[in-house]
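Here are my notes on this one, jotted down as numbered points. Have the structure open while you read.

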Amino acid sequence: MTSPEPHPPHPSGGSGHGHGHSHSHGPAAPVSKHLRKVIAAVLIPFSTAVLVGLVVLWPGGAPPHQRTGVGFDRQTQQAKVVKVDKVDCKSVNAGQAPSNGDTSTAESQSAREAPPRWCGKATVEVTSGKEKGRTFTEIVQPDSPRQLHAGQDVIVSYAPDAPHDLQYSVTDVNRRLPMALLAGIFALAVVLVGRLRGVMALVALVVSFAVLTLFILPAVLQGSNPLLVAVVGASAIMLIALYMCHGLSARTSVAVLGTLVSLMLIGVLGSLFIGWAALTGNTDDNTGLIHGLYPNIDMSGLLLAGVIIGSLGVLDDVTVTQTSAVWELHEANPTMGPRGLYRAGIRIGRDHIASVVNTLVLAYAGAALPLLLLFSIAQSSVGTVANSELVAEEIVRTLVGSIGLVASVPLTTALAALVVSADRPAPGGRTAPRLGAKRGSGGHRRKK
């Protein structure tokens, strides 16, 4: 048995109670007062600039335009399938081979003798909008990938300029219930495992989507520079999400600084290589429709904005993880200097780099899988595939984002090592209790 250590002031210069209290709520107070001032001197002007950017660029809403009725620019309403009857496709002139009236040929004879094909004749009732209650008929081919059934909720498009019988048509299935249920399961899992931090993460997620939908998208549609809007919006999301989830502390501030520097690197590299590779950002029907509706939008700038916003989520994960790793290493061995902390932290970061880069590449490859499959069917060479703008955009997006992720590890690790090793809570003191000391009990040793 060892007797308790006396209660006089610890080597840190404070009382035993004060030292124990500093560790009772998690990690120790991370940095000295002077270093906190240095961090604040960097982050406060940056936060102020982000706030000013939000105010200056804040849109009054997306500008109105005349709907084209093409693609996503169609008017839509909710509807429900009332009933589905099976009918001979010939009776509704669906799926028949064209005939010239000559029954002497083999093709015409075969067409007359072919067994009947059964189509679905769905009666659909509109359940929203001004014409709620109106019904129309939809013919579904037997080989159609989407078959309708009675009681099914669907989305229908409305073309007011079309003939009365052709104004409505089924365009998609209403998936709101399963999507809402899946979102509820996700939120429940996050709260059960993450508890209070899980709740804060969900709140931060809602705020991030609010910034995206209320600021970034309308501001781009209004004609503001997409890159500037993305930088301001991504910075606002980063500040809100990191501080809301991880608390207002020097540890979080280091992660914010590491994320900020990495985002700047991604922006510079993205701007350079998107311009050098002559990527227009206008590569498919959707981007073409956007350019047609809003010709003043800089589509290549929109592509760069997507690179920055898409990289932000993974960057947050990397920088927070590396900062926490360095802090915990310092807690385990307070005598370790900045060089030792960096070396130990970068060893952890190398494993993180390998997994994160692989995840990012596979995520982009998975999203572009149908496109890659088309190139495979066409038996195109790797060089031909990579040179096409559709694939080149994804390659540039992936590689630029990955370079930023890789760079964020040594940057954040070095910054965290410098900050945490400069911890000086009191003049001439130590920053952590001796190994084996019991925390939160006035600094006394644990009895053996």
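1. Let's start with the charges: Arg146, Asp172 and Arg175 are joined in a network of salt bridges. Keep in mind that this is a predicted model. For the link between Asp172 and Arg175, the closest N and O atoms are 2.9 Å apart. Asp172 is partly exposed, at 25% relative accessibility, and Arg175 is partly exposed too, at 41%. Asp172 also falls within strand 5, which covers 168–173 and is one of the edge strands of the sheet.

2. How many salt bridges does the count come to? Six. As general background, side chains of opposite charge can pair when their charged atoms come close. One to look up is Asp85 with Lys83, where the closest N and O atoms are 4.0 Å apart. The cut-off is 4 Å, so keep that in mind when you look at this pair. Asp85 has 34% relative accessibility and counts as partly exposed; Lys83, at 42%, is also partly exposed.

3. Then there is the salt bridge between the side chains of Arg251 and Glu328, at 3.7 Å from N to O. Arg251 belongs to helix 6 (residues 250–276) and Glu328 to helix 8, so this pair ties together parts that lie 77 residues apart in sequence. Is Arg251 buried or exposed? Buried: its relative accessibility is 18%, and the cut-off for buried is under 20%. Glu328, on the other hand, is partly exposed at 44%.

4. Staying with helix 8, which runs over residues 299–332, have a look at Gln322. Gln322 has a relative accessible area of 0%, so it counts as buried. What does Gln322 touch, leaving aside residues up to four places away in sequence? The list is Gly345, Ile348, Gly349, His352, Val409, Thr412 and Thr413.

5. Now the sheet. Five strands make an open sheet in the order 3-2-1-4-5, and the pairing is antiparallel. Strand 3 (135–140) and strand 5 (168–173) sit at the edges, each with a pairing partner on one side only. From one strand to the next, the twist averages 45 degrees.

6. If you want to trace one pairing by eye, try strand 2 (residues 118–126) against strand 3: they run antiparallel and share six bridges. A handy place to begin is Thr123, whose bridge partner in strand 3 is Thr137.

7. On the surface, Leu51, Val52, Val55 and Val56 make a nonpolar patch of about 400 Å². Val55 lies in helix 2, residues 33–57. Is Val55 buried or exposed? Exposed, with 61% relative accessibility; the cut-off for exposed is over 50%.

8. Last, the overall numbers. The protein has twelve helices and five strands. Of its 448 residues, 36% are buried. The exposed area is about 25,600 Å², and carbon and sulfur atoms supply 64% of it. Taking contacts with a separation of 6 or more, 72% are between residues 24 or more positions apart.

Methods. Residues numbered from 1 in each chain as written. Predicted model: local features only at pLDDT ≥ 70, side-chain atom pairs only at ≥ 80, totals over all residues. Heavy atoms only, no water. Helix = DSSP H or I, 4+ residues; strand = E, 2+ residues; numbered from the N terminus. Buried < 20%, exposed > 50% of the residue type's maximum accessible area, 1.4 Å probe, protein only. Contact = heavy atoms within 4.5 Å. Areas by Shrake-Rupley, 256 points an atom, 1.4 Å probe, with all protein chains shown as cover. Pairing = 2+ DSSP bridges. Axes fitted to C-alpha atoms, helices over the stretch in contact; angles between N-to-C directions. Patch = residues over 30% accessible without salt bridge, like charges linked within 9 Å, V, L, I, M, F, W, Y side chains within 5 Å.
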